[in-house]
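Colleague: Before I rely on the labels attached to this model, I would like to go through them with you one by one. Please set each value against its cut-off and then conclude.

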Amino acid sequence: MGYIFYNWENAIMKSSNSDYYGIVTPQDMYDALSHIWCEYTCAPRLRNEWSKDNITLGQCSITAFLVQDIFGGKVFGVLRPGGNYHCYNVIDGVTFDLTSEQFGDEKLSYEDNPEQFREVHFAKQEKKERYEYLRNELKKHCDSCKLQH
């Protein structure tokens with residue numbers, strides 16, 4: 001698969017969590033999530049814009065914290081117009097953003113952004129529920145792949 005997420009070519013770290021069969025690299029995770037991201041996992045304020053042509057729209061924080069669960073590292077956020085943060089991951093000094101393609105040609109600055117914390121993001125019940133749904137669907141996907149091998 002050709003990847004277009006930010007810094008995909010350097011996102012080669014290995015998973016530190018064996019609960020997700022087949023998820024060894026962030027590219028594996030992107031492949032799996034490509035089948036799971038949906039209108040329901042999209043941030044409610046962006047749902048009317050979500051489409052199969054822009055599957056990463058509104059998926060950033062729940063995806064970044066799930067990446068953190070599986071690969072470790074930290075989550076940071078780019079302040080966006082309107083006061084929301086676009087979340088991405090930094091692991092062992094490597095910055096990557098599984099959901100960057102939602103911005104098209106816009107170049108985000110991944111320098112000097114504040115760390116993001118799940119306690120703050122998941123204080124919003126709907127976001128916590130979307131994260132749990134994404135996590136559970138990823139586990140189901142991985143379990144299904146395990147059964148096939």
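Modeller: Let us start with Phe 96, which has a relative accessible area of 0% and is therefore buried, since the label applies to anything under 20%. Please keep in mind throughout that this is a predicted model.

Colleague: Where does Phe 96 lie, and what does Phe 96 touch?

Modeller: Phe 96 lies in strand β3. Leaving aside residues up to four places away in sequence, Phe 96 touches Phe 5, Tyr 6, Asn 7, Ala 11, Met 13, Pro 26, Val 67, Tyr 88, Asn 89 and Ile 91. As for Tyr 6, the C-alpha atoms of Phe 96 and Tyr 6 are 5.4 Å apart in space, although 90 residues separate the two in sequence. Phe 96 also belongs to a cluster in which ring pairs link Tyr 3, Phe 5, Trp 8, Tyr 30, Trp 37 and Phe 96.

Colleague: How many aromatic pairs does the structure hold, and why is the pair of Phe 65 and Phe 122 called edge-to-face?

Modeller: The structure holds 12 aromatic pairs. For Phe 65 and Phe 122 the ring centres are 5.4 Å apart and the planes stand at 65 degrees; because a pair needs centres within 6.5 Å and edge-to-face needs an angle over 60 degrees, the label follows. This pair links distant parts of the chain, with Phe 65 in helix α2 (residues 60–71) and Phe 122 in the loop between α3 (118–121) and α4 (125–148), 57 residues apart. Phe 65 and Phe 122 are both buried.

Colleague: What makes the pair of Phe 122 and Tyr 131 tilted?

Modeller: The ring centres of Phe 122 and Tyr 131 are 4.7 Å apart and the planes are at 35 degrees, so the pair is tilted: stacked would require under 30 degrees and edge-to-face over 60. Phe 122 and Tyr 131 are both buried.

Colleague: Why is helix α1 described as largely enclosed by the rest of the structure?

Modeller: The description rests on six of the eight residues of α1 (residues 26–33) being buried. Those residues are Pro 26, Gln 27, Met 29, Tyr 30, Ala 32 and Leu 33, and what covers them includes α2, β3 (94–96) and α4.

Colleague: How do you know that α1 is roughly perpendicular to α4?

Modeller: The axes of α1 and α4 come within 10 Å and cross at roughly 100 degrees. That makes α1 roughly perpendicular to α4, because the label covers angles from 65 to 115 degrees. In this contact Met 29, Ala 32 and Leu 33 of α1 meet Leu 134, Leu 138 and His 141 of α4, and the residues divide into five nonpolar, one polar and no charged.

Colleague: Which residues have the most contacts inside the largest nonpolar core, and which elements give two or more residues to that core?

Modeller: The largest nonpolar core has 36 residues, and those with the most contacts inside it are Ile 23, Met 29, Leu 33, Leu 66 and Leu 138. The elements giving two or more residues are α1, α2, β2 (85–91) and α4, and α2 gives the most, with eight residues. Beyond residues up to four places away in sequence, Leu 138 touches Tyr 20, Ile 23, Met 29, Ala 32, Leu 33, Ile 36, Leu 66 and Ile 70. There is also a second, separate core of seven residues, which includes Phe 76, Val 78, Tyr 88 and Phe 103.

Colleague: What makes Asp 92 and Asp 112 worth a remark on phi?

Modeller: Most residues other than glycine have a negative phi. Asp 92, however, has a positive phi of about 50 degrees, and phi of Asp 112 is near 55 degrees, likewise positive. Asp 92 is found in the loop between β2 and β3, and Asp 112 in the loop between β3 and β4 (115–116).

Colleague: Are Asp 92 and Asp 112 buried or exposed?

Modeller: Asp 92 has 75% relative accessibility and Asp 112 has 80%; because exposed means over 50%, the label holds for Asp 92 and for Asp 112.

Colleague: And why does Thr 99 count as buried, and where is Thr 99 found?

Modeller: Thr 99 is found in the loop between β3 and β4, and its relative accessibility is 2%, which is under 20% and therefore buried. Among the residues Thr 99 touches are Trp 37, Thr 56, His 86 and Cys 87.

Conventions:
Residues numbered from 1 in each chain as written. Predicted model: local features only at pLDDT ≥ 70, side-chain atom pairs only at ≥ 80, totals over all residues. Heavy atoms only, no water. Phe/Tyr/Trp six-rings, centres within 6.5 Å; stacked < 30°, edge-to-face > 60°. Helix = DSSP H or I, 4+ residues; strand = E, 2+ residues; numbered from the N terminus. Buried < 20%, exposed > 50% of the residue type's maximum accessible area, 1.4 Å probe, protein only. Contact = heavy atoms within 4.5 Å. Core = buried A, V, L, I, M, F, W, Y, C linked by side-chain atoms within 4.5 Å. Axes fitted to C-alpha atoms, helices over the stretch in contact; angles between N-to-C directions. Parallel < 35°, antiparallel > 145°, perpendicular 65-115°, else oblique. Nonpolar A, V, L, I, M, F, W, Y, C, P; charged D, E, K, R; others polar.
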